[in-house]
Amino acid sequence: MMKIADYDRPNTVAGLVAKHAELTALREKYRAEIKKLTIDIDHLDAAIRLFDPDADTSPLKEYVTKHRAEKGSVKRFVLNTMREATAPLTSRQITELWVADRGLAADEATVTAIRKRIGACIKVCVSQGLIEECGWTDDHDAFGPYKLWQLKRGDQ
């Protein structure tokens with residue numbers, strides 16, 4: 001009895017590779033469309049609040065409220081941002097970059113929710129030895145000074 005490895009099937013492999021590329025491209029297309037729809041929903045929500053600040057748009061912004069992110073994308077974003085940074089960053093600075101990158105509304109509720117996720121990601125990265133604390137900011141706001149974070153030496 002011959003094993004599959006004994007057969008030469010270049011067409012099968014080529015077909016699978018082509019299908020993989022096709023599905024990957026389709027996934028990227030839908031990811032871009034979802035991002036655009038999220039931004040559009042956010043803009044509609046802001047327009048509604050211009051006319052009626054007390055309007056309940058929670059059913060309209062179910063996706064936006066959750067600020068869903070693909071598994072691992074927050075960690076990738078945090079680590080890439082720190083790699084590209086010329087100085088240590090605060091969780092607030094990373095949050096503002098995430099909000100801008102995703103095209104989300106920069107209202108305080110959104111920033112607070114995302115900052116908590118960024119902070120949790122930083123905590124995991126610290127426990128994994130990827131990020132280290134390197135001091136505190138000099139400026140203070142209602143939440144006090146912020147910790148400064150950078151990639152752990154040797155990982156840069």
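**Figure 1. Helices α4 and α5 approach within 9 Å between their axes and cross at roughly 120 degrees.** This close-up, like those that follow, comes from a predicted model. The crossing of this pair is right-handed. To follow the contact by eye, start on the α4 side with S91, R92, I94, T95, W98 and V99. Their partners in α5 are E108, V111, I114, R115, I118 and I122. Sorted by character, the residues of this α4 and α5 contact come out as seven nonpolar, two polar and three charged.

**Figure 2. Helix α3 (residues 73–84) meets helix α4 (residues 91–102), with axes that come within 11 Å.** The angle here is roughly 115 degrees, and the crossing is right-handed. From α3, the residues to look for are S73, V74, F77, V78, T81 and M82. They meet I94, L97, W98 and D101 of α4. The residues of this contact divide into seven nonpolar, two polar and one charged. Readers coming from Figure 1 will recognise I94 and W98, which also belong to the contact of α4 with α5.

**Figure 3. The largest nonpolar core of the model gathers 18 residues.** Which residues have the most contacts inside this core? They are V78, M82, I94, W98, I118 and I131. Several of these names appear in the earlier views: V78 and M82 take part in the α3 side of the contact with α4, while I118 is on the α5 side of the contact with α4. At least two core residues are supplied by each of α3, α4, α5 (108–127) and β2 (147–151).

**Figure 4. I131, one of the core residues with the most contacts, is shown here with its surroundings.** Setting aside neighbours within four places in sequence, I131 touches V78, L79 and M82. Its contacts also include C125 and V126. A further group consists of W149, Q150, L151 and K152. Of these partners, V78 and M82 are themselves listed with I131 among the core residues with the most contacts.

**Figure 5. C121 and C125 show a cysteine pair without a disulfide.** How many disulfides does the structure hold? The count is zero. The sulfur of C121 has its closest cysteine sulfur in C125, 4.1 Å away, and this is too far for a bond. For comparison, the cut-off for a disulfide is sulfur atoms within 2.5 Å. Are these cysteines buried or exposed? C121 is buried, with a relative accessible area of 10%, and C125 is also buried, at 0%. Both cysteines are in contact with K75, and C125 is in contact with I131 as well.

**Figure 6. K75 of helix α3 is pictured with its contacts from elsewhere in the sequence.** Leaving out neighbours within four places, K75 is in contact with C121, C125, Q128 and L130. At 28% relative accessibility, K75 counts as partly exposed. The view also includes A120, which is 45 residues from K75 along the chain. The C-alpha atoms of K75 and A120 are separated by 9.8 Å.

**Figure 7. K35 of helix α1 (residues 10–51) is shown with D101, R102 and L104.** K35 touches D101 and R102, not counting residues up to four places away in sequence. D101 is also part of the α4 side of the contact with α3. L104 is 69 residues from K35 in sequence, and their C-alpha atoms are 9.5 Å apart in space. With a relative accessible area of 38%, K35 is partly exposed.

**Figure 8. A87 is seen in the loop between α3 and α4.** This alanine is partly exposed, with a relative accessible area of 43%. L148 is 61 residues away from A87 along the chain, yet their C-alpha atoms are separated by 9.2 Å.

**Figure 9. An overview places the close-ups in the whole protein.** The protein has five helices and two strands, and along the sequence they follow the pattern α-α-α-α-α-β-β. Of its 156 residues, 25% count as buried. Among contacts between residues at least 6 apart in sequence, 52% join residues at least 24 apart.

Conventions: Residues numbered from 1 in each chain as written. Predicted model: local features only at pLDDT ≥ 70, side-chain atom pairs only at ≥ 80, totals over all residues. Heavy atoms only, no water. Buried < 20%, exposed > 50% of the residue type's maximum accessible area, 1.4 Å probe, protein only. Axes fitted to C-alpha atoms, helices over the stretch in contact; angles between N-to-C directions. Helix = DSSP H or I, 4+ residues; strand = E, 2+ residues; numbered from the N terminus. Left-handed = near helix turned anticlockwise from the far one by under 90°. Contact = heavy atoms within 4.5 Å. Nonpolar A, V, L, I, M, F, W, Y, C, P; charged D, E, K, R; others polar. Core = buried A, V, L, I, M, F, W, Y, C linked by side-chain atoms within 4.5 Å.
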